[in-house]
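Trainee: Before we discuss anything, could you put the model in front of us so that we can go through it together?

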Amino acid sequence: MTEARDNYLLDVAASRRGYAINRLCGSLKDPENRRRFSEDEAAYCDAYGLSEEQKKAILERDWTGMLELGASIFYTFKLAMLDQKSMQYLGGVFTGMSTEEFMAAMRSGGRNFG
Amino acid sequence: MARIIWGLATSHVPSIGAAMDNGKTADDYWKPLFDGYEPARRWMAEHTPDVAVVVYNDHANAVDLDQVPAFAIGTADRYPVADEGWGRRPVPPVTGAPELSEHLVRELIDDSFDITTYHRLDVDHGLTVPLSVYCPEPGQAWPCAVVPLLVNVIQYPQPTAARCLALGKALGRAIRSFPQDISVAVFGTGGMSHQLAGARAGLINTGFDRMFLDAIEHDPEKLAALTREDYIREAGTEGIELIMWLVMRGALSDTITRVHETYHVPASNTAAGLALFEDLGDREGAPA
């Protein structure tokens with residue numbers, strides 16, 4: 001899995017690069033699309049025009065890899081929710097912590113970067 | 001003429017709504033936050049506006065990345081509650097105030113704010129959670145009509161903080177020139193510090209948040225002078241939502257009083273803040 005950087009930004013270039021992946025994740029707000037995605041994830045990725053790299057990141061649930069490819073967390077979160085994964089789970093993935101460790105860090109006041 | 005009676009700044013994290021929807025507000029995790037809301041809620045319940053102008057951002061629900069308007073206003077009679085991918089929140093649909101919307105769009109465009117309009121808009125947690133913070137038990141209908149005002153905070157470059165404060169000032173003028181005798185509340189939503197993605201996920205900057213909570217009342221110009229890079233560095237990539245508080249603050253007069261404030265960490269991966277201001281400048285009989 002990809003190691004996270006600290007400076008992801010959905011600028012216009014990232015939005016263009018990540019267009020297909022964000023469009024796919026956004027489509028999952030529709031129950032019928034969730035059903036079709038779950039039936040055949042690879043075919044769904046192809047139908048949304050994802051690159052091979054993007055498709056791999058989706059199929060492997062490489063959450064950080066998705067960010068590298070231009071995804072926005074507000075879009076990929078819909079995929080996470082389909083998998084019944086929380087924002088605290090994702091926070092753990094990005095920071096190399098377990099969900100429990102990440103939640104404990106939040107409960108102790110969050111992560112301070114001085 | 002319309003009067004602005006109060007302004008509410010509040011976080012709009014989805015889990016705050018989920019805590020209310022699932023009866024968890026008395027749990028250890030949530031109780032401090034909801035106890036903190038209580039005095040503000042009591043006061044607002046005694047000061048029901050006819051219309052709330054809710055400044056918020058959509059989160060990949062009604063607005064996608066095909067078009068990204070910097071500023072937009074809902075102009076519909078009614079706004080359905082969005083299904084964000086895990087079912088609709090069990091809250092009433094939102095009733096619009098289309099005549100006020102139409103007036104605001106015209107006045108703001110005449111004031112050089114080129115507003116996008118939404119005739120169809122499913123409102124997501126960005127709008128419904130602040131309504132629930134205001135009114136936890138709406139029953140069959142919310143206590144007031146709503147004009148949604150959307151700000152792009154998701155795609156960089158977002159509008160500047162200075163532009164948001166200026167929009168708020170124009171919004172205040174536009175509301176006060178609406179030729180109906182109604183009372184209006186203005187909501188500024190989002191924040192406070194949070195970063196959802198990347199190696200800085202979980203960032204909380206209490207020092208910045210406390211400074212912001214104070215300056216939003218006393219020195220909004222100082223906050224308007226911060227760049228978007230300042231917001232992202234200090235408050236996190238999603239902490240830039242705080243620029244929406246400046247729209248609310250700009251709409252209020254210079255004579256405001258702080259009714260209540262609360263701050264709590266954590267609400268999900270964020271710092272949750274609330275600040276409620278009564279607008280005295282527009283009170284009937286108040287000096288102009």
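Mentor: Two strands pair if DSSP finds at least two bridges between them, and helices (H or I, at least four residues) and strands (E, at least two) are DSSP runs, numbered from the N terminus. This is a predicted model, in which local features need pLDDT of at least 70 and side-chain atom pairs count only at pLDDT 80 or more, while totals for chains, interfaces and linings use all residues. Residues are numbered from 1 along each chain as its sequence is written, and chains are lettered from A and ligands numbered from 1 in the order in which they are written.

Trainee: In what order do the eight strands of the open sheet in chain B stand?
Mentor: The sheet is open and its pairing is mixed. At its edges stand β6 (116-118) and β9 (256-267) of chain B, each with a single partner strand, so one side of each is left without a neighbour in the sheet. Read across the sheet of chain B, the order is β6-β3-β7-β2-β8-β1-β10-β9.

Trainee: By how many degrees are neighbouring strands of this sheet turned against each other on average?
Mentor: Axes are lines fitted to C-alpha atoms, for helices over the stretch in contact, and angles run from 0 to 180 degrees between N-to-C directions. For the strands of this sheet, direction is ignored, and the average turn between neighbours is 20 degrees.

Trainee: Which strand pairs with β3(B) in the antiparallel sense?
Mentor: Strand β3 of chain B, residues 71-74, has a parallel neighbour in β6(B), to which three bridges join it, and there G74(B) has Y118(B) as its bridge partner. On the antiparallel side, A72(B) stands opposite L150(B) and F71(B) stands opposite V151(B). The antiparallel pairing, over three bridges, is with strand β7(B), residues 145-151.

Trainee: Which residues of β3(B) point the other way from F71(B) and I73(B)?
Mentor: In a regular strand the side chains alternate between the two faces of the sheet. In β3(B) all four of these residues are buried, a residue being buried if 20 or more other C-beta atoms lie within 10 Å of its own, exposed if 12 or fewer, and partly exposed in between, with C-beta atoms placed from the backbone. F71(B) and I73(B) point one way, and the other way point A72(B) and G74(B).

Trainee: How many of the eight residues of β1(B) are buried?
Mentor: β1(B) is joined to β8(B) in parallel by seven bridges, with G7(B) opposite V186(B), and it pairs in the antiparallel sense with β10(B) over five bridges, where L8(B) stands opposite L276(B). The strand β1(B) is largely enclosed by the rest of the structure, because the number of its eight residues that are buried is seven.

Trainee: What span should helix α5 of chain B have at 1.5 Å a residue?
Mentor: The expected span of a helix is 1.5 Å times one less than its number of residues. Helix α5 of chain B covers residues 161-176, and its end C-alpha atoms are 23 Å apart, which agrees with the expectation for 16 residues. Buried residues of α5(B) include A161(B), C164(B) and L165(B). The span expected for α5 of chain B is 22 Å.

Trainee: What is the radius of gyration of chain A?
Mentor: Chain A has nine helices and zero strands. The radius of gyration is taken over C-alpha atoms, and the globule rule is 2.2 Å times the number of residues to the power 0.38. For 114 residues that rule gives 13 Å, and chain A is close to it, so it is as compact as a globular protein of that length, with a radius of gyration of 15 Å.

Trainee: Is T76(A) buried or exposed?
Mentor: T76(A) lies in helix α7 of chain A, residues 73-82, and its C-alpha atom is 7.1 Å from that of N22(A), 54 residues away along the chain. Having 27 other C-beta atoms within 10 Å, T76(A) is buried.

Trainee: How many residues does the contact take from chain A?
Mentor: Two residues are in contact if their C-beta atoms, placed from the backbone, lie within 7 Å. Chain B gives 27 residues to the contact, and the number from chain A is 36.
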